[in-house]
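Reader: I should like to learn how aromatic pairs are read from a model. Please take me through one case.

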Amino acid sequence: MSTLTTHPGSFIAGAEHRNAGDPLEVVNPADGRAFTEVATATEADVNAAVEAAADAQKAWSELAVSKRGEILGRAANHVEEHIEELIPLLTREQGKTLRDSKIEITKAVDTLLHYVGLSKSLRGVHTPNLDPGVDGMVLRRPLGVVGAIVPWNFPTTLLCNKLAPALVAGNTVVAKPAATTPLTTLRFAELLAEGGLPEGVFNVVTGKGSVAGEALVSHPLTRKIAFTGSTPVGERIMAQCAHGIKRVTLELGGSDPMIICDDADLAAAASAASMGRFYNCGQACLATKRLYVLDQVADDVIAAVAAKAAKLQVGIGSAPGSQIGPLHSERQRETFERQVAESVAGGGEVLAGGGRPDDPALANGWFYSPTVVLEPPKDSPMAREEVFGPALPIWRVKDLDEAIELANDTPFGLGSAVWTGDLQSAERLAAELDCGYTWINSPTKVYDELPFGGLKASGYGKEHGSEALDYYTDTKSVVVKRAL
Ligand code: NAD
């Protein structure tokens with residue numbers, strides 16, 4: 001019999017809701033120990049959440065858009081006032097360092113406030129005299145109830161990327177966080193409600209993807225699924241959304257290349273490669289997952305990146321000084337270790353890390369040392385698969401043609417980065433890299449102002465930017481014959 005306290009598990013219509021499903025343990029990735037358990041949502045619990053969201057949607061959508069923004073802004077400010085409570089909670093269930101938790105939650109609130117700002121400037125389209133005395137208008141209509149399904153690597157930012165445009169556009173939301181990171185999302189929802197978000201406008205159901213996630217996707221009242229997660233689950237959700245012709249956006253896996261040219265600022269490029277790969281223990285969709293360096297400068301860059309990796313402080317997320325926390329779960333570390341081991345067995349040379357840290361204080365958590373592998377085979381997992389952990393493969397390339405060919409030789413198309421001192425190379429790379437975002441001489445940072453979303457197996461649709469609002473609205477054309 002478990003001695004853990006059981007959290008009721010969902011947040012529906014402005015209040016805690018006790019799920020009927022079996023509880024799932026929440027484990028601290030730093031020590032492998034369960035510290036609480038959360039009752040999981042059954043189909044009936046999900047139905048209750050979707051119905052609450054549907055009940056709230058009409059009144060929410062009838063508010064002036066600026067009023068919705070004002071309410072969301074107040075609620076977001078209330079979350080921000082409680083950030084010191086959320087930070088350790090996120091670190092405890094996710095594993096990331098306190099510093100990374102703070103960066104994440106601050107960014108999540110910023111995204112809410114960005115769309116609050118946009119709510120003040122939304123305008124429609126009016127076309128006079130389509131025919132004599134006949135005007136046309138294009139109205140934007142909310143979709144209804146949006147299901148937001150989110151993974152465990154950035155529970156709050158990936159939620160707010162969906163929540164903010166959905167709510168400003170007049171939709172209501174039922175979110176499902178990953179089964180392993182329910183707590184921060186549940187507290188986030190409570191704080192938004194305490195801050196004045198009306199009942200039913202934002203609901204959370206927790207539990208397994210195979211039960212709660214599927215029920216949310218298949219509920220007839222969810223009109224859109226906004227999903228972030230793995231490509232196989234995204235494919236499945238897209239197929240399910242065909243029933244009922246539901247809208248869908250998919251933010252999926254990535255294997256972002258970085259190309260460093262011989263005329264680049266090499267110190268800045270090496271720092272960006274290290275930060276881009278090891279941030280959040282390498283568990284980010286947008287991360288530097290493959291590094292291609294022009295031959296002439298390869299030795300210097302490789303040495304600099306390996307030295308940086310070796311210096312990073314691996315430690316328990318809540319300990320001061322830790323720069324890299326544990327991987328999120330035992331299963332995550334097993335997959336990652338298999339990918340590194342096969343890539344090294346195929347001929348890759350380990351230049352830093354390459355195994356678990358030997359500090360006994362870290363022995364029970366899912367830690368792995370920051371790793372750099374030189375020239376793993378081009379068909380190895382580090383080249384072909386998404387690697388979700390702290391290991392960077394590096395390849396030398398003879399010229400830009402080879403760099404572009406290898407960079408694009410992946411099923412994914414999320415992001416890419418380029419370091420060069422030459423404007424023409426920069427423009428060519430920006431044009432020819434097959435992905436949704438390219439950073440030139442700039443660290444990998446997602447801006448709320450710019451649309452973000454992958455090509456190929458990395459997804460469909462956009463988050464961020466005013467473009468995201470298009471994915472949470474339908475347009476309707478209205479023709480008006482004026483009295484003559
Ligand atoms: P996952 O696909 O296993 O799970 C993601 C979410 O989907 C979880 O909440 C899970 O419970 C739910 N889910 C699982 N099966 C489901 C089903 N059949 N129906 C409905 N919901 C279901 O992904 P993961 O392994 O937890 O997360 C890591 C993945 O997320 C990586 O591939 C990463 O690249 C990707 N990711 C992408 C982005 C992006 O913006 N492109 C951002 C972060 C993470």
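Author: The dialogue below turns to overall form and then to aromatic pairs.

This is a predicted model, in which local features need pLDDT of at least 70 and side-chain atom pairs pLDDT 80 or more, while totals for chains, interfaces and linings use all residues. Residues are numbered from 1 along each chain as its sequence is written, and side-chain values use heavy atoms, without hydrogens and water.

Reader: What share of the 484 residues is buried?

Author: Buried means under 20% relative accessible area, exposed over 50%, and partly exposed in between, with a 1.4 Å probe and protein chains only. Here, 55% of the 484 residues are buried.

Reader: How many aromatic pairs are found in the whole structure?

Author: Rings of Phe, Tyr and Trp (its six-membered ring) pair if their centres lie within 6.5 Å; planes under 30 degrees apart are stacked, over 60 edge-to-face, and the rest tilted. The search finds 6 aromatic pairs. Trp152 and Phe388 have ring centres 5.6 Å apart and planes at 85°, so this pair is edge-to-face. The two residues are 236 residues apart and link distant parts of the chain. Trp152 is buried at 16% relative accessibility, and Phe388 is buried at 13%.

Reader: Which geometry do the rings of Tyr437 and Phe452 show, and why?

Author: The ring centres of Tyr437 and Phe452 are 6.1 Å apart and the planes stand at 55°, so the pair is tilted. Both Tyr437 and Phe452 are buried. Together with Trp439, Tyr437 and Phe452 form one aromatic cluster.

Note on methods. Helices (H or I, at least four residues) and strands (E, at least two) are DSSP runs, numbered from the N terminus.
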